[in-house]
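Reader: I've got the sequence and the model open side by side. Can you walk me through what stands out?

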Amino acid sequence: MDEHSTETDANQFNEPNDFSAWPEPSFTMNAYYIPESNSFYIFGGIITDPYFSKDNTDVQNYGGIGVVIGHEISHAFDKNGTNYQSNGDFGNIWNTQDQTEFDKLADKMVKEYDRIPLLGQQIDGQQTLSENMADNGGLNVALEAAKKLPDFDANAFFSNWASEFAQPIVPEVYSQPSKDEHTVGPLRVNVGIQNISDFYTTYNVKEGDGMWLDPDKRVNIW
């Protein structure tokens, strides 16, 4: 497949962009945003349980594929996406005041994640900033949309978000924190929801509890 993709890219090098073409097969279990075309892709392979299931409630699906969709849209406004215009041309989208406020929140998010330990390693807050921003945006927008559902259940929303990252961790080979732009799964879940006030009311989390984060330290960019 890599050989075919390389040949296709080479053949299209001098051709106009075809924005109707999908960059990967439909069965790919992935989703991503492309700033140069200001487009995002949700591939068929990811529209499966726990992200989406016809057996889930709507609220659970909002906590799954809903967050994924919000996450990818948010990439248009992260530290990389803000450097591209709506038509894909390179150029910052903020005015001076917006840029200043954005940089303050971004720096606060870097510090929130930076040096969190996991299995003898540490999260790099700067390296993972764009993905952490997108998680923040995806969680907030999907949660607000889910609240409009007649059967809204915050526990179902948060639980399905967490289930997406359920995976075995083997300390001897778990090197992800040192090289990935994504925060590792357990911290991606826990730190992500610590910024959201509904998490505290849903689970009655109080000051002194392990998951408590002081309100002045919570970061919500979107």
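Reader: Is helix 4 mostly buried or exposed?
Author: This is a predicted model, where local features need pLDDT of at least 70, side-chain atom pairs count only at pLDDT 80 or more, and totals for chains, interfaces and linings use all residues. Residues are numbered from 1 along each chain as its sequence is written, and side-chain values use heavy atoms, with hydrogens and water left out. Helices (H or I, at least four residues) and strands (E, at least two) are DSSP runs numbered from the N terminus, while buried means under 20% relative accessible area, exposed over 50% and partly exposed in between, with a 1.4 Å probe and protein chains only. In helix 4, 15 of the 18 residues fall below that cut-off, so the helix is largely enclosed by the rest of the structure: buried.

Reader: What is the relative accessible area of Gly137?
Author: Gly137 sits in helix 4. It counts as buried because its relative accessible area is just 4%.

Reader: How far apart are the end C-alpha atoms of helix 4?
Author: The expected span is 1.5 Å times one less than the number of residues. For the 18 residues of helix 4 (residues 129-146) that gives 26 Å, and the model agrees, with the end C-alpha atoms apart by 26 Å.

Reader: Which aromatic residue pairs with Tyr32?
Author: Rings of Phe, Tyr and Trp (its six-membered ring) pair if their centres lie within 6.5 Å; planes under 30 degrees apart are stacked, over 60 edge-to-face, and the rest tilted. The structure holds twelve such pairs. Tyr32 has a tilted one, 5.4 Å centre to centre with 55° between the planes, and its partner is Phe43.

Reader: How many residues apart are Tyr32 and Phe43?
Author: Tyr32 belongs to strand 1 (residues 31-34), and Phe43 to the loop between strand 2 (39-42) and helix 2 (58-74). Phe43 is buried, since its relative accessible area is 0%. Along the chain, the separation is eleven residues.

Reader: What kind of aromatic pair do Phe199 and Tyr200 form?
Author: Phe199 and Tyr200 are both buried. Ring pairs link them into a cluster with Phe157, Phe158, Tyr203 and Trp212. Their centres are 5.1 Å apart and their planes 75° apart, making the pair edge-to-face.

Reader: Which residue lies over the face of Tyr200?
Author: A charge sits over a ring if NZ of Lys or CZ of Arg is within 6 Å of the ring centre and within 35 degrees of the ring normal. One residue lies over the face of Trp212, at 5.0 Å from the ring centre. It also lies over Tyr200, at 3.7 Å from the ring centre: Arg218.
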